[in-house]
Structures are given as structure tokens and as C-alpha cells.
Number of protein chains: 2
Amino acid sequence: MSEPEKNENIPEASARKGISNIGNTAKSKEDFNLAAIYVSDAQYNRNVYFDTLPQAVRLYMLYNHWALKVLLYFFMLVNLSLAIFEDPAVYPLPIWATMLVEILCLLIFTIRLIHYAKVILRDKFWKDPKNICIIVILTLRRAFRSIRNALPQIFYVFLLFMFSILIFSLMALKLLGKRGLTNINGTPYFTSYLEIMFDLYVLVTTANSPDVMMPAYNANFFFAVFFIVYILINTYIFMSVFLAVVYNSYKKYLKEEVRQLVRAKRHKMVRAFGVLQEQREEGGEPVVTQASWNQLVRLVQPNLSNAHRELLWSVSDDKNQGAIGKVAFVQLADLLNIEIITIKSRPHPLQSLCPSLYQSAPSKLLCQLVQHRAFVMVYDLIILVNAVFIGLDEENPMIANSEWVFLALYILEILLKLYVFEPRVFFSKHSFWNWFDTIIVISALIATIINSVMKSSSHFSSRQILDIVFILRVLRLIRVVDSIKRFRIIINTLIRIGPAILTFGQLIIVVYYIFAMVGMELFKGKVTFYEQSSTNLAKAYCGNPLLNGTDFAKLNYCKNNFNNVVSSFILLVELTVVNQWHVLSSGFATVTHISARIFFVLFHIIVVIVILNIFVAFVLEAFFVEYSVDKSDLQTSLERKIEELELAVAQETMEDNLVNAMETIDNDLGGSQSAKPNLPSLMFKIASKRYRTVDALLQRIFEADLDPEDFAENDDPETQGNENFANPLFSHA
Amino acid sequence: MSEPEKNENIPEASARKGISNIGNTAKSKEDFNLAAIYVSDAQYNRNVYFDTLPQAVRLYMLYNHWALKVLLYFFMLVNLSLAIFEDPAVYPLPIWATMLVEILCLLIFTIRLIHYAKVILRDKFWKDPKNICIIVILTLRRAFRSIRNALPQIFYVFLLFMFSILIFSLMALKLLGKRGLTNINGTPYFTSYLEIMFDLYVLVTTANSPDVMMPAYNANFFFAVFFIVYILINTYIFMSVFLAVVYNSYKKYLKEEVRQLVRAKRHKMVRAFGVLQEQREEGGEPVVTQASWNQLVRLVQPNLSNAHRELLWSVSDDKNQGAIGKVAFVQLADLLNIEIITIKSRPHPLQSLCPSLYQSAPSKLLCQLVQHRAFVMVYDLIILVNAVFIGLDEENPMIANSEWVFLALYILEILLKLYVFEPRVFFSKHSFWNWFDTIIVISALIATIINSVMKSSSHFSSRQILDIVFILRVLRLIRVVDSIKRFRIIINTLIRIGPAILTFGQLIIVVYYIFAMVGMELFKGKVTFYEQSSTNLAKAYCGNPLLNGTDFAKLNYCKNNFNNVVSSFILLVELTVVNQWHVLSSGFATVTHISARIFFVLFHIIVVIVILNIFVAFVLEAFFVEYSVDKSDLQTSLERKIEELELAVAQETMEDNLVNAMETIDNDLGGSQSAKPNLPSLMFKIASKRYRTVDALLQRIFEADLDPEDFAENDDPETQGNENFANPLFSHA
């Protein structure tokens with residue numbers, strides 16, 4: 001790399017201080033802070049153009065502190081959940097209390113905003129008045145953007161779909177309207193164009209099939225053909241096309257988004273490199289020394305073990321030169337994102353305490369027994385027997401007492417395993433099923449004891465405690481799934497894509513929240529729910545005479561109302577499931593106005609047609625990525641390094657990867673040193689492909705298309721202009 | 001290629017005749033027949049190892065004749081549709097009549113089978129007693145195989161899904177069974193384990209949401225959480241996983257299937273080449289001369305125009321050597337499959353008849369007017385006005401008479417276009433919308449005339465004629481779609497993947513047929529439908545006292561029965577749409593036995609979970625292929641050749657491709673010679689990507705993964721052993 005190019009890469013911080021870093025080996029604390037900020041921004045894909053003055057950098061580090069973030073999220077949650085206590089309330093609180101909390105929340109938000117304004121380049125912030133609004137939806141930006149991006153594509157398909165409904169409605173009106181047919185309740189069938197349109201729209205959701213066609217079908221066989229053609233075209237073909245269009249544009253959009261994210265990340269890493277770079281010999285390539293690198297990583301991730309850090313360094317500095325160039329440095333952000341499990345091969349505590357007893361022949365036999373396949377099978381059998389007992393009547397004293405036997409058996413299992421396996425390995429962070437088992441069994445033990453104490457003291461068992469006991473008993477049965485390898489693979493896949501799915505959960509919650517607010521504004525108090533014990537005559541029509549005789553009242557849907565935020569959410573879930581949504585929407589239209597149906601149709605279009613399809617597209621894509629289990633280059637090189645250093649966990653004991661193996665009960669790590677005598681005291685293993693963030697998953701999806709050598713170097717902040725809060729555009733690079 | 005290799009490739013026909021083809025330029029008619037059979041087998045992906053004796057080859061050519069095939073399909077259809085006339089009959093026929101037809105059908109099938117046995121290698125046929133069974137399902141083999149292949153993958157997910165239902169049912173029993181809750185009809189709520197399982201299975205299909213949760217929800221808010229978690233896991237997550245698993249294994253399976261198809265095709269082409277090959281100079285590569293090639297193509301596709309054949313030859317013989325080698329020859333099957341539109345640029349007939357009038361200024365002005373954008377817009381406006389008039393009450397004489405005005409306007413439009421455009425181009429094979437328009441308008445004209453004649457003669461308009469008139473009027477409105485480019489693209493995509501979708505239609509029909517037969521056996525006559533005018537008291541409970549008071553009777557579902565094949569099919573469609581299927585299945589369980597539900601659950605699993613998911617996967621895949629519009633290499637080279645020869649249709653007048661352009665009314669081909677004066681009298685254009693067969697579409701999907709140079713040459717029929725009717729396995733190649 002020639003001199004002029006290097007000069008371009010010197011960041012503003014150094015430039016402002018008037019110090020050139022070339023050949024300057026003494027780095028100030030500020031330099032490390034700045035570089036650390038760049039690296040952690042790159043690691044977590046943050047896109048904030050902060051001020052690079054030392055003071056602003058310190059403020060920005062504080063801004064990114066996890067405690068402040070948790071605080072913010074907590075108050076956001078508090079603010080949102082105020083809806084439960086404000087009128088219409090589930091649990092009413094006095095107005096001064098909710099007001100006070102609201103003011104507190106607003107105060108916190110304002111402080112956070114001021115903090116943010118101080119962090120970023122001041123002249124940029126005030127350039128764009130939209131910023132403040134944007135900050136509010138910043139966290140949901142990506143998900144929203146993906147929808148916004150898919151909309152124009154869907155729009156034309158949607159128009160065509162609506163056109164098809166219009167044509168079919170017109171045909172239905174002409175064919176069926178004049179025949180004097182009647183609905184089941186005696187009203188005329190298919191005579192109003194608007195009603196037909198609504199009915200046929202509902203038929204797309206299948207909610208009123210086959211009722212809507214019965215009058216015509218009863219009149220003549222051939223009218224069924226009309227409805228079958230309609231369902232084929234609009235329900236099957238169009239809905240598949242919606243999914244295809246959403247899936248396609250979603251994928252295209254994600255690809256572009258991820259490409260920009262990766263470029264921005266590399267750009268930040270290059271800046272960090274610029275801050276810390278030194279020149280070892282005149283005219284040579286600029287490098288970062290191991291000392292600077294160590295100090296940087298300690299700043300970025302203070303809780304990283306020394307051994308882990310040394311491993312990362314040895315991957316970066318492959319040729320052992322004591323310094324790394326730009327290409328190797330840029331990998332750091334990705335390296336930090338690879339989760340590595342450090343396994344300390346420790347002797348069992350009992351072995352240290354009384355080695356003679358633990359190494360004795362009966363003890364060894366016990367260890368072998370517990371690790372045997374038959375042990376797992378015996379316990380699977382016990383669980384199955386337990387399942388049968390749970391199904392039986394628990395009033396029978398024999399059955400009730402058997403519960404104690406099962407509990408004892410489960411506790412014995414855990415104790416035996418703790419005897420055989422090293423406890424810290426047994427309860428390591430990734431041993432999901434061990435944790436699950438232990439927590440369930442201990443909770444069940446406590447709840448059962450409390451229940452029997454209450455029963456013997458007052459001859460009365462609390463319903464709540466009993467419920468908990470039952471739930472825990474049934475949950476215990478899930479353990480069987482873990483014994484069957486095929487099931488374990490499916491479950492692990494689901495668990496792995498879980499966090500990514502949660503992002504959509506956020507989006508759906510926000511959309512639900514908006515609809516719940518609007519719904520409460522429109523329909524609050526129109527429908528009243530009376531307790532079952534109530535003798536009020538209004539109970540039969542949900543307290544609203546207009547509902548008298550409607551399906552809504554007949555089906556006893558009174559509790560499906562918008563009277564408070566919780567019942568609104570439950571109602572919206574029911575609308576998302578779609579079935580009977582025409583009864584629900586007609587009910588609310590009856591108590592207000594026919595145009596209220598627009599609210600429900602809108603909800604269906606946004607949530608079911610758009611968001612649920614994106615959700616399905618996402619699950620499909622994530623599942624395919626999981627199926628094609630090929631690791632990234634970086635992961636492979638890290639693994640190679642681990643193996644080179646002979647610190648790898650022995651492969652033959654692994655089924656699939658460590659996480660899988662540790663999640664099974666038949667692995668033999670951490671105990672039974674007899675089997676593998678010469679293990680090093682420290683071992684590493686890459687922690688499967690659990691994605692901490694959605695970004696990581698997305699990046700994996702599109703990794704193959706990205707050029708690893710593309711550094712996007714020649715973009716400077718000036719050209720990014722208004723893109724302050726959006727991802728930078730590197731199209732000119 | 002060395003001599004010994006060539007010898008291996010000499011097919012049995014020549015070998016049997018004892019003639020070596022090397023250096024032998026005189027080909028017998030038998031040779032051409034044999035080569036033609038190989039080529040057309042390759043073109044249509046047939047996999048029959050026929051006897052290569054000249055007599056057998058002639059028999060095989062007869063066997064493949066389209067008329068014999070149509071006859072076979074016709075009698076298959078007749079045989080299947082006997083179900084309409086046999087007891088339980090829609091239209092009862094005397095038993096001797098149906099028996100006679102059945103015997104006739106069986107006779108035809110037997111003749112076909114004997115023909116087949118004569119065609120194939122005799123010793124092979126009788127080796128495997130399964131053959132006769134296999135022949136029967138031969139046509140549906142592929143679709144069935146794709147399901148069979150996806151099953152093991154789905155099976156474990158399905159088991160896990162059932163396990164999840166079992167666990168949730170147990171929890172529901174424990175949580176809700178003891179609370180003394182009641183359903184809306186007063187029966188106890190969630191007390192029987194089997195009932196809970198069925199209810200929760202139905203909830204997965206969403207058919208009983210939210211009714212199944214209302215009693216619990218009315219008792220306590222928190223029970224809603226149980227149902228929401230259940231729906232989230234089982235309805236959304238598991239159903240998406242089903243789709244993902246089906247999609248994934250479907251794709252994997254298809255890839256393997258298509259790879260084998262392509263290899264078999266190349267293998268056959270190599271054999272055809274072996275039959276026709278000659279050596280022009282000693283030691284040179286074997287080639288096929290243009291004369292042999294021409295004779296072959298004339299045999300394979302007699303209706304191919306000379307110009308078209310010459311074009312194909314010039315693509316194959318790129319260097320104008322008068323002969324082609326093996327690689328170029330093998331392409332022939334694919335080249336024949338590319339649909340090419342031959343456009344003869346002919347003058348308008350009117351121009352030949354009275355050139356002075358047709359070339360006059362007013363005539364030219366008219367041509368320009370009709371081709372103007374405004375013309376299209378005016379007619380779009382007319383259609384919209386027409387739509388409004390259709391929606392209005394047709395009893396009004398003003399409205400009724402307006403229909404004549406609209407009809408006149410539409411006929412005028414067609415006449416004007418026929419004046420401007422060359423009629424044979426206007427009604428060419430690919431002008432879908434022109435045909436659509438003309439047929440609709442003329443039918444509407446005829447129907448309206450008949451209707452008004454009947455009305456004026458007898459003052460009575462037939463309901464059937466009126467229905468047809470209405471349907472035609474509404475169908476005319478669809479034309480608007482064609483004017484909007486975005487819509488046209490979507491519609492064209494749908495039309496293109498249509499034939500491929502029909503294959504699934506066949507599969508679904510067969511599955512429906514099987515279920516209809518079993519259903520009629522089980523439930524025939526259990527439910528009776530009474531006409532609306534009937535005063536029979538049994539009408540209220542569908543003629544079966546057991547149904548008295550059930551939802552089935554209350555919702556007037558009596559016509560949803562298995563009493564004949566037509567109503568069985570309609571009922572199965574309703575079950576496929578899923579909504580209310582629990583009411584239908586419970587109805588039939590009530591009149592027979594509770595275990596009848598197994599029939600309905602089985603139908604749901606097979607049709608909705610498996611087949612519909614494969615359908616969705618197929619539509620998605622086909623849509624993605626359509627989106628990524630890149631042509632195959634062969635198509636590109638064909639297009640390049642067409643352009644080289646300057647026979648291409650001018651690109652600037654095309655919107656997207658010729659088919660699109662011809663389907664629009666604003667194209668200006670075939671008439672208005674004034675615009676493009678020096679067009680050649682003959683032009684070619686590749687006819688878009690319409691797939692004549694599903695195979696062609698599938699091949700396109702996976703084309704990229706296939707090695708174009710892989711000829712799979714060294715497999716001889718001996719090693720294929722039992723694979724006589726399956727696709728040959730070339731894994732040893």
C-alpha cells in the first residue's frame with residue numbers, strides 16, 4: 001500500500017490531535033478507546049457516526065454500556081405496560097400513579113436522547129429534523145424496513161387479487177342474487193354487492209367455508225363449481241403467490257441489507273486499524289502489534305479469558321510474526337462473534353476429597369453403569385410409566401403416592417449423574433437439558449412438599465399449587481424427546497433459530513400494540529363480559545341489545561373485546577389465527593358501524609398476508625441454512641488452529657458437535673478420567689452455530705455472495721451526508 | 001475417440017443385422033426409424049427399453065402414436081367416471097350398461113398391455129412380475145415417488161408434532177378437566193383425554209378457534225396463554241417446519257430425479273447417433289451428415305417447417321461443415337423442445353385485394369388511431385363503464401338495452417383490429433388475449449340474441465341462457481388486466497406455471513378418488529339431503545335421527561355427504577379447505593362410530609399436511625425460476641443464430657418478449673408495413689419459457705448443476721437389470 005492511500009485512512013481523532021500515527025509506537029489511552037469503540041461497533045453492527053474527540057468517545061462508551069441499555073429497555077417496557085393500568089384498565093391504578101410513572105419514563109428517554117446528541121457529530125444531528133422520530137423506531141428499523149421494501153412488490157399482486165374478488169363478486173351477484181335463495185337464518189342470500197365482496201374476502205381466509213356456499217350448493221350441484229374455482233384461484237394460487245413474492249423480495253432486500261452491514265463493519269475495522277497501526281520498518285506495510293492488540297481486546301471484551309484471547313491472536317497472526325496486517329485485523333470483529341466454549345478438564349471434586357473411595361471398583365462400576373445406554377433406556381421407560389400414571393385419576397391414593405416414588409427416582413438420577421460427571425461441566429452454560437431436568441425436578445419436589453403440607457395441615461390443597469405441580473409433572477415428560485437422536489436434531493434446530501424468530505416477535509408485538517390502541521379507541525365498552533355466575537339478563541347478548549341473536553352472542557364471545565389491553569391482545573391473536581374472524585368482526589360492526597369491518601380487514605392484510613408470510617419465509621430460509629451445515633471460512637480456520645494446537649476436544653466422543661454431545665446424557669466428558677488419560681487441562685470447541693443476533697444469522701445466509709477482500713476503503717464520512725442514521729451507502733466504492 | 005470405444009456404442013439393431021456402420025454411408029429406413037425413436041424418446045423423456053428389431057421398432061412407433069394415447073386416456077376417463085353412473089349413482093344407469101362399458105374399457109387396457117409387451121424386450125418383461133402393476137400407476141409414478149421420498153423426512157417431524165399434541169393434551173386434562181367448566185352446549189369441558197386430543201388436533205388446523213378456548217378463557221385470563229402457546233408452537237412453528245422439510249426433501253429428490261432424466265436422455269441420443277454415424281475420412285471423428293439429420297428430423301417431427309429445420313441445423317452445425325459430431329447431435333432433443341414461433345411477414349389481405357384503398361390517407365390514419373395508446377385507454381374506460389352497468393339492475397329497460405351498445409362497441413373493436421393487423425397474426429397460436437376477447441364477445445352476442453329471441457317469442461327468458469350471458473359479460477371485464485403491464489406479467493407467470501401445476505391436479509384427483517371410494521363404502525346413505533321444498537320432517541336432521549340437534553344438522557350440511565361420487569368430491573374439497581372439518585367429521589362419526597374420525601384425520605394429514613405443502617413448495621420454486629429469467633445456453637445460442645441470420649423480430653418493438661408483445665393490443669406486428677419497410681418475409685422468435693411438460697420446467701430449475709459434457713456412455717442395457725421401468729441408474733458411469 002502506498003503512502004497517499006494510508007494518509008486517507010487516518011481517522012479524524014488523530015487528525016484533530018495533529019499527530020500522525022505513522023511510525024509512532026506510543027499509543028495513548030484515547031487511541032485504544034477509539035479503536036475499541038470501532039471494533040465493538042463492528043462486532044455488534046452498530047451504525048452511529050459518533051464524534052471522535054476523546055471526551056465524546058468516553059461518552060459513547062458509556063452510552064453503549066449494557067446497564068444503560070437494560071435500563072432503557074426496562075423503562076420502554078414500563079411505558080408500554082402502562083396500558084394495563086390506565087383506563088381502560090385491567091388493574092386500575094389512580095391517575096396520579098400512572099402519570100408519575102409516565103413522567104419518569106419520559107425523563108429517562110429525554111436523558112438518553114441528550115446523551116445521544118452529545119455523542120454524535122453535533123453538526124450532523126441537527127441537520128436532519130427527522131432524527132428524533134427515527135431514534136424512537138431505531139430498534140425496529142430493520143424489521144419495518146423489510147416490510148416497507150416488500151410492499152411495492154406485493155402491491156400489484158394484491159391489486160390483482162382484489163380485482164379477482166371484484167369479478168367473482170359481480171358474477172356471484174348475477175348468478176345467485178336473483179334466485180331467491182336464503183341463508184340459514186332466513187335472510188336473502190347474495191343480494192348486496194358489498195356483502196358478497198365481504199363474504200368472498202372471508203372465504204379467502206377460509207373462515208366461512210363451507211357455510212357461505214351451502215345455500216347455493218343446496219339449490220344446485222353446479223354452483224359448488226363456482227366456489228371451488230374461487231377457492232382454488234384466490235385461496236391457493238394467490239396466497240402461494242403472495243408467499244412467493246414476499247419471500248423473493250424479502251430475500252433480495254436482506255441480501256442488500258447484509259452486504260451494506262458487512263461493508264460498514266469492515267469500514268469501521270479499517271478505521272480502528274488506522275488508529276492503532278504502526279510501521280515496523282520504513283516503507284513496510286503498517287501493522288498492529290500483539291501488545292496493542294491485546295490491550296484493545298481487553299478493552300472490547302474484558303471478560304474474555306487469557307487463553308481464549310491467545311487463541312484468537314494465534315489465529316490472526318498465523319505466521320507468528322508478533323504483528324498483524326490490515327486483512328488479519330479486520331477479521332477481529334467476526335472472531336469475537338464466534339462463540340467458543342472453554343472446557344477445563346478438571347478432576348471430579350470427590351476424587352480430590354477421597355480418591356481411594358472414588359477410584360474403588362464399586363465406584364467405577366457405578367460410573368460405567370450410569371454411562372451405559374441401558375441407564376438412559378431405563379429412565380425413558382420410567383418416564384413413560386409416569387406418563388400413564390399422570391393420565392390416571394390422581395384422587396386414587398395409590399396413584400397420588402406413586403408420585404413420590406417417581407420424584408425419588410428422578411432425584412436419584414440427577415444425584416447419580418452428579419456423582420459421575422464433573423458438576424461444573426454438568427451445569428455448564430450450554431447444557432440445556434441438564435438445567436431443564438434439574439430445575440423441573442427440584443421445583444416439582446418443592447411444590448409437591450408444599451402441597452402435601454397444606455393438605456395435611458388444613459385438608460385443603462391450593463388450586464394454584466396443584467396447577468403448578470401438574471404442569472411440572474407433564475413438562476418432565478418432554479425429556480424423552482432428548483433421548484431420540486432425530487428428535488434432538490429437530491429440537492436443536494428450532495432452538496437455534498429461536499432468537500432470530502424473536503425479532504419478528506418484537507415486530508408483531510408493535511403491530512398488535514398499535515391495533516390494540518386503535519381498537520380500544522373504537523370499540524371500548526361496546527361489549528361487556530359477565531362472569532358465568534352472573535344472573536344479569538344482559539349476559540345473553542354481551543350487555544349490548546344490538547348483539548341479541550347474533551352469532552357473536554350465541555357463541556358466547558363476550559370476553560373477546562377491546563375493553564382492556566390484555567383482552568385486546570388475546571382478541572388480536574384470535575384474529576391472526578383467522579378462524580371465526582368474520583363472526584368477531586361482524587359482531588363489532590353490529591355494535592358500531594358497518595365500516596368497522598375495515599379495521600378487521602386491514603388487520604388481516606397487514607398481519608396475516610404480509611407479516612405472517614414474512615415469518616414463514618424467514619423460518620424457511622433459516623431452516624435451509626441449518627440444513628446446509630457448512631461452516632464459515634473463519635470458523636474453519638479457527639477450528640484448524642484449535643486442532644493444530646492440540647487443544648481440540650476429542651472428535652470421536654462427539655456426536656455432531658459439542659453442544660449436541662453435551663446436551664445428551666450419554667456423553668462422557670468431565671468425569672471418568674480413566675477413559676482418556678492424557679487430555680490437556682484446557683480444551684476449546686466452537687459452540688455450534690447459535691446466532692447471538694439476527695444479523696449473524698443473516699450474514700451466514702448470504703455470506704457466500706460477499707467478497708472477503710472488499711474493504712470499501714475510499715468512502716469518507718462527508719459523502720454519507722444524510723445517511724447518518726441509515727446504513728451508509730457504499731455504492732460509489 | 002479411439003476405435004474400441006466406438007465399437008461399444010454400436011447399438012444392438014446394427015449388431016443384430018451384422019452390419020457395422022463405420023464407413024457405411026447408406027442408411028436403411030429401419031436405421032432412421034430406430035434413430036427417430038431414440039430422439040423422440042429423449043425429447044419426451046420416455047424410458048422404455050424397447051426391442052430394437054425393425055418389426056418391434058415399427059410397433060413401438062405405433063405404440064407412441066398420439067391417437068392411441070388419446071384413446072387410452074379417454075377410456076381411462078370413462079372407466080373412472082363410471083362411478084357417476086354406478087350405484088351409489090348421480091345418474092343411475094342399468095347395470096348391464098355400466099358392465100358393458102367396463103368390459104370395453106378392460107378390453108382396451110388389455111390390448112394396450114399386449115402391445116406394450118410386444119414392444120419391449122421380451123425376456124425383460126416377464127422377469128419381473130411387478131411390471132403389470134407398475135404400468136397401471138406409470139403415469140402418476142413421478143408425483144407419487146416425490147411423496148414417498150419426502151415421507152421419511154416428514155415422519156420424524158410428524159412424530160414430534162404428535163408428541164407435542166399428547167403433552168399439551170395431558171396438560172389440558174390436568175389443568176382444565178377438574179374445574180367443572182362446561183362447553184357452550186352444557187357438556188363438560190375437557191374431561192376425556194381422547195376428546196381433548198381430537199380438539200387440540202382440530203385447533204392445529206385452526207378450525208375450532210377460538211371456540212375451543214372460550215370456556216377456559218371465560219373462567220380465567222391466564223388459560224388463554226396456554227392456548228396461545230399451543231397455537232404458536234403447533235400451528236405456526238410446526239406447520240412452517242413441515243413446509244420447510246417438505247420443500248427441502250422435495251427439492252433434493254427432484255434434483256436427483258432430473259439428473260437421471262437428463263442422463264437417460266443423453267444416453268438415448270448417443271444411441272441414435274450410433275445408428276446414424278458415418279466416418280467421412282479414415283480415422284476421423286464419426287459424424288452425422290445433414291442429409292441423414294434432415295431425414296431423421298422429418299421422421300421425428302413431420303410438421304416442422306423447412307425453415308425451422310434449417311434454422312436448427314444451422315445452430316447445430318455452427319461451422320457450416322455439412323456434418324455434426326456427437327456433442328452437437330445430442331443437443332437435438334433439447335433443440336426440438338424449444339418452441340419457436342415462425343412469423344411470416346405477410347401483407348394484409350386487404351392490401352392485396354384493393355391496395356389503393358388500403359394505402360389511402362384515411363385508411364392509414366385509421367391504422368395509426370387503432371395502434372395509438374389512446375385507443376386502448378378508451379376501451380379500458382368502456383369496460384369500466386360496462387362494469388358499472390353490469391352491477392346495476394338489469395330489469396331496467398335502459399340498462400338492458402345498453403348491453404347492445406356495449407356488444408356493438410366490442411365487435412367494432414375486433415373488426416378494427418382485424419382491419420389493421422394481419423388476421424393470421426392476430427389469431428396466431430400464442431395470441432391468448434385476442435382469442436379470449438373474440439370468443440367471449442361472439443359467444444355473448446350469440447347468447448344475447450338467443451335470449452332476446454326467446455323473450456320476444458315466448459315472453460320467457462331461460463335461466464340457463466341468462467346465466468351464460470351474465471358470466472360472459474363479467475368475464476369480458478378480465479380484459480382490463482391485460483392493459484396494465486404489471487398485471488400482465490403476473491398473469492403470464494401464472495399461465496406459464498399452469499401446466500406444471502396441473503400435474504399436481506392429477507395427483508390430487510387420484511387421492512380424492514381413493515378417499516371418495518372409501519368414504520362412499522363407509523358413509524353411503526347415512527345422511528340424506530332433502531330438497532328445500534320438501535316438507536318431510538326428517539329434513540331437520542338430514543334423515544338420520546342420530547344427527548338431531550348436532551351442529552352438522554343445525555348448519556344444514558345435509559348435502560355434504562358421501563352418497564355419490566360428485567358430492568363426495570365436493571365434500572373432500574371442503575375438508576381440504578379445512579374450515580368446519582371438525583363439524584363434518586363429527587357429523588359422520590355420530591352416524592357411524594367415533595373411530596370414523598380416523599378417516600378424516602388421515603385425509604387431513606395426507607392432503608393438507610403433505611400434498612398441499614408439496615404444492616406450495618412447487619409453486620414457490622416455479623415462481624422463483626420465473627423470477628430469475630435467465631435463458632438456457634441452448635436458447636441463447638439459438639437466439640444468437642437467429643440474430644446472426646438477421647431473421648430476428650425487431651427487438652425495439654417488443655416489450656418483454658414476443659409472446660408478451662403479441663398478447664398486448666398495442667403491438668404493431670403483421671400490419672402497418674409502413675413503419676418497418678424492409679423486414680424479411682420470415683422471422684423467428686423463441687416462444688418465451690412456456691413449459692410443455694413438467695420435466696422441462698424441472699430441468700430448467702436444476703440445469704445449472706448438470707455437467708453438459710456428461711454423456712454417461714459406458715452403460716449398457718445389461719447392467720440396468722431390473723431397472724426396466726424405473727429410470728436407469730447411471731451411478732457407475
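**Close-ups of a sheet and a helix pair**

**View 1. Helices lying over the chain A sheet.** Helix α13 (residues 290–300) of chain A lies across β1, β2 and β3 of chain A, at about 60 degrees to β2(A). Helix α12 (residues 223–276) of chain A lies across those strands too, at about 80 degrees to β2(A). Helices (H or I, at least four residues) and strands (E, at least two) are DSSP runs numbered from the N terminus; axes are lines fitted to C-alpha atoms, for helices over the stretch in contact, with angles from 0 to 180 degrees between N-to-C directions. This is a predicted model, so local features need pLDDT of at least 70 and side-chain atom pairs count only at pLDDT 80 or more. Residues are numbered from 1 along each chain, and chains are lettered from A in the order written.

**View 2. The sheet itself.** It's an open, antiparallel affair in the order β1-β2-β3 (chain A). β1 (278–279) and β3 (323–324) of chain A sit at the edges with a single partner strand each, so one side of each has no neighbour in the sheet. β2 (residues 286–289) of chain A pairs with β3(A) over two bridges (pairing takes at least two DSSP bridges), and Val288(A) stands opposite Ile324(A).

**View 3. Two helices packed in chain B.** α3 (residues 29–43) and α12 (residues 223–276) of chain B pack at about 165 degrees, axes 8 Å apart. They're therefore roughly antiparallel (angles over 145 degrees). Contacts (heavy atoms within 4.5 Å) include Phe32(B) and Tyr38(B) from α3(B), and Met269(B) and Arg271(B) from α12(B).

How values were computed:
Heavy atoms only, no water. Parallel < 35°, antiparallel > 145°, perpendicular 65-115°, else oblique.
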